[in-house]
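Biologist: I'm new to this one. Could you walk me through how to read it?

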Amino acid sequence: DTLTGLGQFLDFMRTDKNLTDVRHAAYFMATVYKETWYTWRPIDEKGLGAGKDYGKEREGRCGGKVYRKKYYGRGYIQISWEDNYQLADQNLGLGCTLVADPERAKEPAIAYKIASLGMKEGWFEKRHNYKLSDFIIGSACDYYNARKIVNPYDSKTFGEIEGYARTFEAILRASMFR
């Protein structure tokens, strides 16, 4: 259920050494909330990539082997395309297991690492490699345009996710010991 998913996600956040700015945490939560359709659980992309090239069986190459799989979106932040699965495999040291079995991107611990490192390091948007620090650094905090990290073409969700981030930031700040 949703509460179990949220609890697990918060447990991952508590131990994430890369998550040091409360605003990064708030934006990360807002994005995952929306990307998982408010379930806090790693999911399949709605429609499983139907009508899109990455939703068709494709060749994924890794470790000298070729795999024929459908590389549609999966996870807390739905990665898609075989090259994104390869990137996550390499950066997480998973030894080609995501390319060979894309369903692993929905395993909560793997999905969390993909989402966390992907947002921090700019894995999701290949043209600009936007990352959290491009929008939230020092005194600057642009939750609205931070959506570009995951999907710069989904402008209809920019304001929605900005609102969630502001709410989560207020909750996180109120919950911290002073």
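Modeller: Sure, let's start with two tyrosines: Tyr 71 and Tyr 85 are both buried, where buried means under 20% relative accessible area, exposed over 50% and partly exposed in between (1.4 Å probe, protein chains only). Keep in mind that this is a predicted model, where local features need pLDDT of at least 70, side-chain atom pairs count only at pLDDT 80 or more, and totals for chains, interfaces and linings use all residues. Residues are numbered from 1 along each chain as its sequence is written, and side-chain values use heavy atoms, leaving out hydrogens and water.

Biologist: How many aromatic pairs does the structure hold?

Modeller: Rings of Phe, Tyr and Trp (its six-membered ring) pair if their centres lie within 6.5 Å; planes under 30 degrees apart are stacked, over 60 edge-to-face, the rest tilted. Here there are 18 aromatic pairs. Tyr 71 and Tyr 85 make a tilted one, 5.3 Å centre to centre with 55° between the planes. Tyr 71 sits in the loop between strands S3 (65-69) and S4 (74-75) and Tyr 85 in helix H3 (residues 82-92), so the pair ties together parts 14 residues apart in sequence. Helices (H or I, at least four residues) and strands (E, at least two) are DSSP runs, numbered from the N terminus.

Biologist: Which residue lies over the face of Tyr 72?

Modeller: A charge sits over a ring if NZ of Lys or CZ of Arg is within 6 Å of the ring centre and within 35 degrees of the ring normal. For Tyr 72 that's Arg 74, at 3.7 Å from the ring centre. Likewise, Lys 34 lies over the face of Trp 37, at 5.0 Å.
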